[in-house]
Amino acid sequence: MKKFALIGHNISYSLSPMIHGEIYRKMGLDASYELISVDMQELPLLAERLRRDYDGFNVTKPHKENIIPFLDGNPPKSVNTVRIENGKMYGFSTDGYGFTKDLKIRFGDIGKIGGDALILGAGGVARVIIEELKNQGFNVYVWNRTRDKAEKLCEEFGVKFTRLQDIKPDLVVNCTSCGFRKGENPLVGADDDGTVRNLLDRHHVKWAYDTIYSPPQTDFLYCNRASKTANGLGMLILQAIESDRIMCGFDIDEMLEREIYNELMDKLSSKIASNV
Ligand code: NAP
């Protein structure tokens, strides 16, 4: 039996065992997938145990960068997938794949059209999505609650910082962790006179994507007037499929990927809806 895991901290909520379990079942692989919650001090010992006893693992918050010193080869700056081969651990990131693929599934091939994209947030996921949207030909603008973090990120990626009041984007992507609770919305703030309002002029927004998937309809998606909206569940599923191509060597073609995507979207949407 092959052994896989997700390492992170406080991850008991994770849908990953269910997603990977379904993929292994579909691909006829006898494999286990466990959740391992670990803090920084425990990471070196765990890394050695994983190298010795496992076939691969996924990485989530807060260890996507912390894991890098334990890896072989040239890993990317943020790692969510590790393949273990002959005692060597190779790191990859599949979040970008998951996002871009889902954007195309949900909104059509908008990459060909491009336009102005506004990224809310300046954390790990924002980094990945800025890079993806730049590659798709969008003009990328970044806003973040902590302005200097956004400005640093903009300098690194050669994109522009914006205030929410100053932009009329075609696409908005919420990459903040604001939205898990009712009423939380990164777009809502106080005007100069103290009036609370949505600080973005939403009338121009064609597409709104929230990387958060639980609740399925965040306030950010609800209050947006975008003609098309999507939450991050598809991104989660697609990054997992790509990760299993890497960790397990699965040959999953476009058709099979779509079949797994549709099945998991149905299953997980009902599970999430019953939990909120
Ligand atoms: P992170 O590195 O911790 O960054 C969090 C970001 O959220 C920061 O920019 C932070 O702003 C901002 N933020 C937090 N609370 C806020 C608030 N109340 N109002 C406005 N901004 C706030 O997190 P991450 O790893 O990038 O993850 C970001 C989101 O992506 C999470 O919600 C996570 O669930 C989601 N995600 C989804 C997938 C998927 O597959 N769908 C995968 C990974 C992550 P400051 O800089 O001001 O603190």
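This is a short talk about the sheets and helices of one structure and how they fit together.

Hi everyone, and thanks for coming. A word of caution before we start: what you have in front of you is a predicted model.

Let's begin with the sheet that includes the start of the chain. Which strands make it up, and in what order? Five strands form this open sheet, and reading across we meet β2, β1, β3, β4 and β5 in the order β2-β1-β3-β4-β5, with mixed pairing. The edges are β2, residues 31–37, and β5, each of which pairs on one side only. From one strand to the next, the twist averages 20°.

Now let's walk through some of those pairings. Strand β1, residues 2–8, runs parallel to β3, and four bridges join them. If you want a place to look, find L6, which stands opposite N58 in β3. Moving along, β3 is residues 56–59 and β4 is residues 81–85, and these two pair in the antiparallel sense over three bridges. Here F57 has V82 of β4 as its bridge partner. Keep your eye on V82, since V82 also stands opposite G91 in β5. That takes us to the pairing of β4 with β5, residues 88–92, which is antiparallel and has five bridges. The hairpin of β4 and β5 has two residues between the strands, and N86 there takes a positive phi near 45°.

What lies across this sheet? Helix α1 lies across β1, β2 and β3, running at about 165° to β2. Helix α2, residues 43–53, lies across β1, β2, β3, β4 and β5, and its direction is at about 160° to β1.

On to the other sheet. How many strands does it have, and how do they pair? Six strands form an open sheet in the order β8-β7-β6-β9-β12-β13, and the pairing is parallel. At its edges sit β8, at 160–161, and β13, at 228–231, and each of them pairs on one side only. Further in, β9 (residues 171–174) and β12 (residues 207–210) pair in the parallel sense over four bridges. One position to find there is N174, opposite D210 in β12. Helix α3 packs on this sheet, touching β9, β12 and β13, and its direction makes about 140° with that of β13.

So much for the sheets; now for helices that meet other helices. Take α3, residues 95–107, with α7, residues 233–248: they pack at an angle of about 130°, with their axes 7 Å apart. That angle makes α3 oblique to α7. The crossing is right-handed. On the α3 side, the contact residues include Y97, F99 and I105, and on the α7 side they include M235, L238 and R245. Which classes of residue do we find in the contact of α3 with α7? There are five nonpolar, three polar and five charged residues.

Next, α7 meets α8. Their axes come within 10 Å and cross at roughly 135°, and α7 and α8 are therefore oblique to each other. Once more we have a right-handed crossing, with α7 passing α8. Among the residues in contact are I237, L238 and I241 of α7, together with Y261, L264 and L268 of α8. This contact of α7 with α8 divides into ten nonpolar, two polar and two charged residues.

Helix α8 also meets α1. The axes of α1 and α8 come within 11 Å and cross at roughly 140°, and the two helices are therefore oblique to each other. The crossing of α1 past α8 is right-handed. From α1 the contact includes M18, I19 and I23, and from α8 it includes L256, I260 and L264. By class, the contact of α1 with α8 has eight nonpolar, no polar and six charged residues.

One last stop, the aromatic rings. The structure holds four aromatic pairs. I'll show you Y24 with F250, an edge-to-face pair at 6.4 Å centre to centre, with 65° between the planes. Why pick this one? Y24 lies in α1, residues 16–27, and F250 in the loop between α7 and α8, so the pair ties together parts that are 226 residues apart in sequence.

That's my tour. Thanks for listening, and I'm happy to take questions!

Key. Residues are numbered from 1 along each chain as its sequence is written. This is a predicted model: local features need pLDDT of at least 70, side-chain atom pairs count only at pLDDT 80 or more; totals for chains, interfaces and linings use all residues. Side-chain values use heavy atoms; hydrogens and water are left out. Two strands pair if DSSP finds at least two bridges between them. Axes are lines fitted to C-alpha atoms, for helices over the stretch in contact, and angles run from 0 to 180 degrees between N-to-C directions. Angles under 35 degrees count as roughly parallel, over 145 as roughly antiparallel, 65 to 115 as roughly perpendicular and the rest as oblique. A crossing is left-handed if the near helix is turned anticlockwise from the far one by less than a right angle, and right-handed if clockwise. Contact means heavy atoms within 4.5 Å. Ala, Val, Leu, Ile, Met, Phe, Trp, Tyr, Cys and Pro count as nonpolar, Asp, Glu, Lys and Arg as charged, and the others, Gly among them, as polar. Rings of Phe, Tyr and Trp (its six-membered ring) pair if their centres lie within 6.5 Å; planes under 30 degrees apart count as stacked, over 60 as edge-to-face and the rest as tilted.
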